[in-house]
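Welcome! Please take a moment to look over the structure shown here, and then read the notes beside it.

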Amino acid sequence: MKNVILLASLLGLLFMSSCKDDEDNSSTQKMKLAINGLEDLGSDYAYEGWIIVNGSPKTTGTFTVNSSGALSQTEFDVEMADLQSASAFVLTIEPIPDNDPAPSDVHILAGDLTKGAGSLSVGHGAALGSDFASSAGKFILATPTDGMDNNENSGVWFLDPAAGPGAGLTLPTLPAGWKYEGWAVIGGTPVSSGTFSAVDAADDAAPFSGSEPGPPFPGEDFLMNAPSGLTFPTDLSGATMVISIEPVPDNSSAPFLLKPLVGAAPANAMDHTAYGMNQNLGSLPTGSVSAE
């Protein structure tokens with residue numbers, strides 16, 4: 001009987017030792033993401049993480065975000081040697097389905113890693129490359145494209161009349177994969193004034209403007225083709241103007257989560273008068289990576 005008990009004890013010790021050896025020899029390690037400020041991308045896109053190992057990106061997996069901003073997955077199994085030697089982490093936005101094994105141009109967060117740990121920001125050079133702390137903006141209400149001095153509070157132009165006129169926006173140049181977009185929130189509905197890359201040139205579209213040329217700055221006259229539920233011309237007195245940063249391509253008709261500038265026209269707004277915009281840097285996501 002003693003021999004049986006001794007044999008069972010030895011077998012138990014061997015089993016525990018084997019399990020410990022398996023754990024010690026495991027080639028993977030848990031990588032944990034903690035990110036605030038992301039939003040639901042819909043069914044056409046997902047977020048994907050990448051670690052940069054010896055200058056090359058290696059995927060750590062994809063995840064989605066619900067309407068409350070919660071990540072569908074926060075822990076990922078990563079090759080231990082890769083995670084420990086990775087120099088940086090990059091978060092991208094990828095199409096669904098994704099037939100390209102390489103990262104897209106849409107880098108939203110990044111950060112340097114030390115032994116699998118580091119903080120993430122939009123300002124990292126592998127993301128948008130700026131924290132937008134130097135961003136500033138002005139806008140006027142006017143409708144130059146109707147060719148007449150009427151409906152003047154029905155258009156917004158991001159320009160500064162005191163500068164000649166000149167650019168009303170001070171914004172950093174965006175990397176590939178991103179564009180700025182202007183918005184007027186009309187009766188609670190955000191309506192685009194157009195996407196743009198340069199603050200001193202016309203934006204990419206003018207679906208609501210009249211037939212006359214507009215100034216060479218981002219902006220829009222809301223005179224025709226009103227979206228459902230709205231009536232144009234309108235009055236932008238009291239309306240909120242927004243500058244957002246949008247991924248390219250963009251599958252949403254609403255402003256993206258990155259909104260560095262926001263400003264309101266006064267309730268008694270006067271046309272051709274410059275009104276300021278405020279920084280809204282709290283809209284920029286942040287996060288961290290850790291090795292578990």
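The notes below go from the whole chain to its strands, its core and one loop residue.

This is a predicted model, and its chain has 292 residues. It holds 2 helices and 19 strands. The radius of gyration is 26 Å, while a compact globule with this number of residues would come out near 19 Å.

**The whole chain**

- If you draw a box around the C-alpha atoms along the principal axes, it comes to roughly 105 × 35 × 35 Å.
- How much of the chain is made up of buried residues? Buried residues account for 42% of the 292.
- Take the contacts in the chain with a separation of 6 or more: 62% of them are between residues 24 or more positions apart.

**An open sheet of four strands**

- Look for an open sheet of 4 strands, paired antiparallel, in the order E3-E2-E5-E6.
- Strand E3 (56-63) and strand E6 (107-112) stand at the edges with a single partner strand each, so each has one side without a neighbour in the sheet.
- On average, neighbouring strands of this sheet are turned by 25° against each other, with direction ignored.
- Inside the sheet, strand E2 (residues 45-53) and strand E5 (residues 88-95) run antiparallel and are joined by 8 bridges.
- One pair to find here is Tyr45 with its bridge partner in E5, Pro95.

**Strand E13 and its partners**

- Is strand E13 (residues 178-186) largely enclosed or left open by the rest of the structure? It is largely enclosed, because 7 of its 9 residues are buried.
- E13 pairs with E14 (residues 189-196) in the antiparallel sense, over 7 bridges. Gly182 stands opposite Gly194 of E14.
- The hairpin of E13 and E14 has 2 residues between the strands, and Gly187 takes a positive phi near 55° there.
- E13 also pairs with E16, again in the antiparallel sense, over 8 bridges. Trp178 has Pro247 as its bridge partner in E16.

**From E16 to E18**

- Strand E16 (residues 240-247) pairs in turn with strand E17 (residues 258-264), antiparallel and over 5 bridges.
- E17 is joined to strand E18 (residues 275-279) by 2 bridges, and these two run antiparallel as well.
- Leu261 is a handy residue for tracing this path: Ile243 stands opposite Leu261 in E17, and Leu261 stands opposite Gln279 in E18.

**The nonpolar core**

- In soluble globular proteins, nonpolar side chains tend to be buried together.
- In this model, the largest nonpolar core has 60 residues.
- Which residues have the most contacts inside this core? They are Phe63, Trp178 and Met241.
- Setting aside neighbours within four places in sequence, Phe63 touches a list of residues that includes Leu33, Ile35, Leu38, Tyr47, Phe76 and Leu91.

**A closer look at Asn150**

- Asn150 sits in the loop between strand E8 (136-141) and strand E9 (155-157).
- Why is Asn150 called partly exposed? Its relative accessible area is 30%, and the partly exposed class runs between the limits of 20% for buried and 50% for exposed.
- The side chains of Asn150 and Asn151 are joined by a polar contact of 3.5 Å.
- Asn150 and Pro233 are 83 residues apart along the chain, and their C-alpha atoms are separated by 10.0 Å.

How values were computed: Residues are numbered from 1 along each chain as its sequence is written. This is a predicted model: local features need pLDDT of at least 70, side-chain atom pairs count only at pLDDT 80 or more; totals for chains, interfaces and linings use all residues. Side-chain values use heavy atoms; hydrogens and water are left out. Buried means under 20% relative accessible area, exposed over 50%, partly exposed in between (1.4 Å probe, protein chains only). A polar contact is a pair of N or O atoms within 3.5 Å; within protein, one must be able to donate a hydrogen and the other to accept it, and residues adjacent in sequence count only if both atoms are side-chain atoms. Two strands pair if DSSP finds at least two bridges between them. Axes are lines fitted to C-alpha atoms, for helices over the stretch in contact, and angles run from 0 to 180 degrees between N-to-C directions. A nonpolar core is a set of buried Ala, Val, Leu, Ile, Met, Phe, Trp, Tyr and Cys residues joined through side-chain atoms within 4.5 Å. Contact means heavy atoms within 4.5 Å. The radius of gyration is taken over C-alpha atoms; the globule rule is 2.2 Å times the number of residues to the power 0.38.
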